[in-house]
Amino acid sequence: MSENNPQGKRSARERMQAERERQKSKDRQRRMLVVLAAVVGVLAVVAVVGILIGQNSGDDDGGKPVAFPKGAVGKDRLALPAGKADAPAALTVYEDFRCPACGQFEAGFSKTINELEDAGKLRTEYRLVKLIDGNFGGTGSRNSANAAACAQDAGKFVPYHDVLFRNQPPESDDTFADKGHLKELAGKVDGLSGKRFDACVDDGRYDGWVDASDEAFGKSGHNSTPTVLLDGENIYGQGANLSPASFKQLVEDAGKD
């Protein structure tokens with residue numbers, strides 16, 4: 001009978017062994033597919049996270065690529081100039097458009113500074129920072145500095161700078177975060193309002209530049225705004241008794257040296 005046939009028994013065992021080997025092969029293939037699917041899933045998650053980080057950088061983390069306003073000067077092109085480049089005296093002003101002390105300085109000295117610039121006696125480098133954003137939160141310092149850089153592109157930095165300070169909100173009020181308000185204020189400067197300026201403000205075109213300027217301020221050794229340097233010497237604040245008349249005399253004297 002076939003069940004007593006040794007060859008038949010071997011054939012059955014061989015078939016069973018072959019079936020077991022096929023099953024093991026299938027199991028190995030399934031495990032490999034599971035592992036590959038997991039690896040692909042992890043890579044997909046990493047790719048999505050990378051895209052999201054790339055999209056968000058620059059909005060909140062200061063990662064936006066740096067574009068430079070037209071005519072920016074100084075180290076790393078982080079200053080906006082006013083006055084004639086060959087004027088004998090050089091003023092450097094670190095300012096934040098939300099900073100009340102900066103507003104006080106501008107109220108007291110902007111007229112004198114502008115007169116000295118127009119007379120060819122003074123050149124000024126404005127370096128814009130976002131100190132108050134860091135102290136109180138918000139984005140008004142950054143947005144207004146970006147808008148001022150947009151005005152620089154139109155050759156209207158100085159008048160728009162003065163308008164911002166004349167319309168400065170209270171320190172804790174983040175009014176300058178409102179880009180619509182910044183565009184409205186541009187209407188107070190002849191020839192500034194328009195599609196180009198509005199697009200520059202809306203896009204935050206110079207946000208990265210503002211971030212870089214603020215970072216440079218942090219490394220400058222100065223820690224308050226306004227910081228006002230005449231030919232590199234700090235002449236304002238910390239008990240300095242400066243008036244428009246004495247400031248004018250300092251500039252006159254610096255021009256003679």
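Which residues line the largest pocket? In this predicted model, the lining of the largest pocket is made up of Lys70, Cys150, Asp153, Ala154, Leu192, Arg196, Phe197, Cys200 and Arg205, and the space that lies within the pocket comes to about 180 Å³. Two elements, helix H4 (140-153) and helix H7 (195-203), each give two or more residues to this lining, and the largest share, three residues, is contributed by H7. When the lining residues are divided by character, five are nonpolar and four are charged, while no polar residue is found among them.

Two of the lining residues, Cys150 and Cys200, are also the partners of a disulfide, with a distance of 2.0 Å from S to S. The count of disulfides in the model comes to one. This pair links distant parts of the chain, since Cys150 belongs to helix H4 and Cys200 to helix H7, with their positions 50 residues apart in sequence. The link of Cys150 and Cys200 is left-handed, with an angle of -80 degrees about the S-S bond, and both Cys150 and Cys200 are buried.

Two further cysteines were examined for their accessibility. Cys99 has a relative accessibility of 4% and therefore counts as buried, the cut-off for this class being under 20% relative accessible area. Cys102 is likewise assigned to the buried class, because its relative accessible area is 0%.

The surroundings of Glu125 were considered next. Glu125 has its place in strand S3, which covers residues 122-128, and it counts as partly exposed because its relative accessibility is 25%, a value that falls in the range between the buried limit of 20% and the exposed limit of 50%. When neighbours within four places in sequence are left aside, Glu125 is in contact with Val73, Gly74, Ala79, Leu80, Leu91, Thr92 and Val93. As for Gly83, a separation of 42 residues in sequence from Glu125 is accompanied by a distance of 9.0 Å in space, taken from C-alpha to C-alpha.

The confidence of the prediction was also assessed along the protein chain. The average pLDDT is 86, and 75% of the residues score at least 70. Over residues 45-62, however, pLDDT stays under 50, and for this stretch the model has eight contacts beyond four places in sequence.

Conventions. Residues are numbered from 1 along each chain as its sequence is written. This is a predicted model: local features need pLDDT of at least 70, side-chain atom pairs count only at pLDDT 80 or more; totals for chains, interfaces and linings use all residues. Side-chain values use heavy atoms; hydrogens and water are left out. On a 1 Å grid over the protein atoms alone, a cavity is a set of points where a 1.4 Å probe fits but cannot get out, and a pocket is an open set with protein on both sides within 12 Å along at least five of seven lines; lining residues have an atom within 4 Å of a point. Grid points are joined across faces, edges and corners, and a volume is the space filled by probe spheres set on the points. Helices (H or I, at least four residues) and strands (E, at least two) are DSSP runs, numbered from the N terminus. Ala, Val, Leu, Ile, Met, Phe, Trp, Tyr, Cys and Pro count as nonpolar, Asp, Glu, Lys and Arg as charged, and the others, Gly among them, as polar. A disulfide is a pair of cysteine sulfur atoms within 2.5 Å. Buried means under 20% relative accessible area, exposed over 50%, partly exposed in between (1.4 Å probe, protein chains only). pLDDT is the predictor's confidence in each residue, from 0 to 100. Contact means heavy atoms within 4.5 Å.
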